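Work through the exercises below with the coordinates loaded. Each task is followed by a solution in steps.

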Amino acid sequence: MHDHQGVELRHLRYFVAVAEEGTMTEAARVLRIAQPSLSQQISALERRVGAKLFHRRPKGMELTEGGRILYASASRTLAEIESSLVQARDARCPVHIGVCGTVPEHLLARVERVLAEDGYPDVEFAEADSPQQLDLLRTGTLAFGVMRVFHDIDDLATLTLADEPLGVLLRPDHPLADHAALSWTDLAGQELLWFPAERNPHFVEGVLAHLAGHGWSPRLRTVDAHSRALYRHHLRNSQNLITLRARTAVSADGGMAWRPFVSDPPRERFVLVALGDSPWAGLLARSGGRSPDDGGIGGPGQRAASFPSAASSALPGSAW
């Protein structure tokens, strides 16, 4: 019984080289192996096949009938394998990225740029609240997440995409709209249009504590919606009602007024995150080391990076 299962790809590669080059000497040179070793491998292949594959002639190696049959198949097989290897090498597997609610579009473009500069031009975004992103990161379903964050926690590598102060969004005929900037005392008696605390407990705790630290503990009007239009509707049709918004997000709130805080505003920070012990954490570290001119994320009002175990607490997407 002949051991056909003992035939390996290297045996076929050696066999095809001898068949094409015509001599052991030339085939050994092309293969960059010693001629005696090549001769031994061809003899071993013939034993495994159970038939002579070459006639040893004074002028070189001539295929037998069995050798011609094997050559036709082996050369085609090796060509197909080489083609498949090239296709596998060049295949672009998309990088899956979770996105929390209301992430500005220009930040998604920055994420695409960061990954493209590191050799990953194909990305797929999927909307997911931050706690969901954490679960999907841990199962490997997501490579990265884009989150709105407030407090620092462990186990995530992060790259800051934007770090901006929040201001006050209000109806254009609101009495406070006459102010160029708002002090904390100006906000006395104002309700705060807010979202359900369970959707984003860390953010709620952090922001409300910040407001209380400046003497403003507003009554909350909670709206369970992801629609900016619905938020604007509430603001336009209510007295003494305001909400918080970053300046760069105001373009989506046409017809509303936005005013900055005079001092120490709460902040909104968006980060690109990966598990701190995942291979993707190194990409964030490399990207964080780049300057703004060579593709980094740094810039006015933004921190370059925070990694690998200085991530921020996950926040579910909110309507603002």
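**Exercise 1. Classify the burial of Gln 190, then describe its surroundings.**

Step 1. Gln 190 has a relative accessible area of 8%, so this residue is buried. The classes are buried (under 20% relative accessible area), exposed (over 50%) and partly exposed in between, with a 1.4 Å probe and protein chains only.

The model is predicted: local features need pLDDT of at least 70, side-chain atom pairs count only at pLDDT 80 or more, and totals for chains, interfaces and linings use all residues. Residues are numbered from 1 along each chain as its sequence is written, and side-chain values use heavy atoms, with hydrogens and water left out.

Step 2. Gln 190 sits in the loop between strand S7 (156-170) and strand S8 (191-194). Helices (H or I, at least four residues) and strands (E, at least two) are DSSP runs, numbered from the N terminus.

Step 3. Setting aside neighbours within four places in sequence, the contacts of Gln 190 include His 174, Leu 176, Trp 216 and Asn 240. Contact means heavy atoms within 4.5 Å.

Step 4. With His 174, Gln 190 also shares a side-chain polar contact of 2.9 Å. A polar contact is a pair of N or O atoms within 3.5 Å; within protein, one must be able to donate a hydrogen and the other to accept it, and residues adjacent in sequence count only if both atoms are side-chain atoms.

**Exercise 2. Find how many aromatic pairs the whole structure holds, and examine examples.**

Step 1. The search returns five aromatic pairs. Rings of Phe, Tyr and Trp (its six-membered ring) pair if their centres lie within 6.5 Å; planes under 30 degrees apart count as stacked, over 60 as edge-to-face and the rest as tilted.

Step 2. The ring centres of Trp 184 and Phe 261 are 4.6 Å apart and the planes meet at 25°, so this pair is stacked. Trp 184 belongs to the loop between S7 and S8, and Phe 261 to the loop between strand S11 (257-259) and strand S12 (267-275), so the pair ties together parts 77 residues apart in sequence. Trp 184 is buried at 10% relative accessibility, and Phe 261 is buried at 8%.

Step 3. Trp 194 and Phe 195 are also stacked, at 5.0 Å centre to centre and 25° between the planes. Both are buried: Trp 194 at 1% and Phe 195 at 1%.

Step 4. Tyr 120, Phe 144 and Trp 280 are linked by ring pairs into a cluster.
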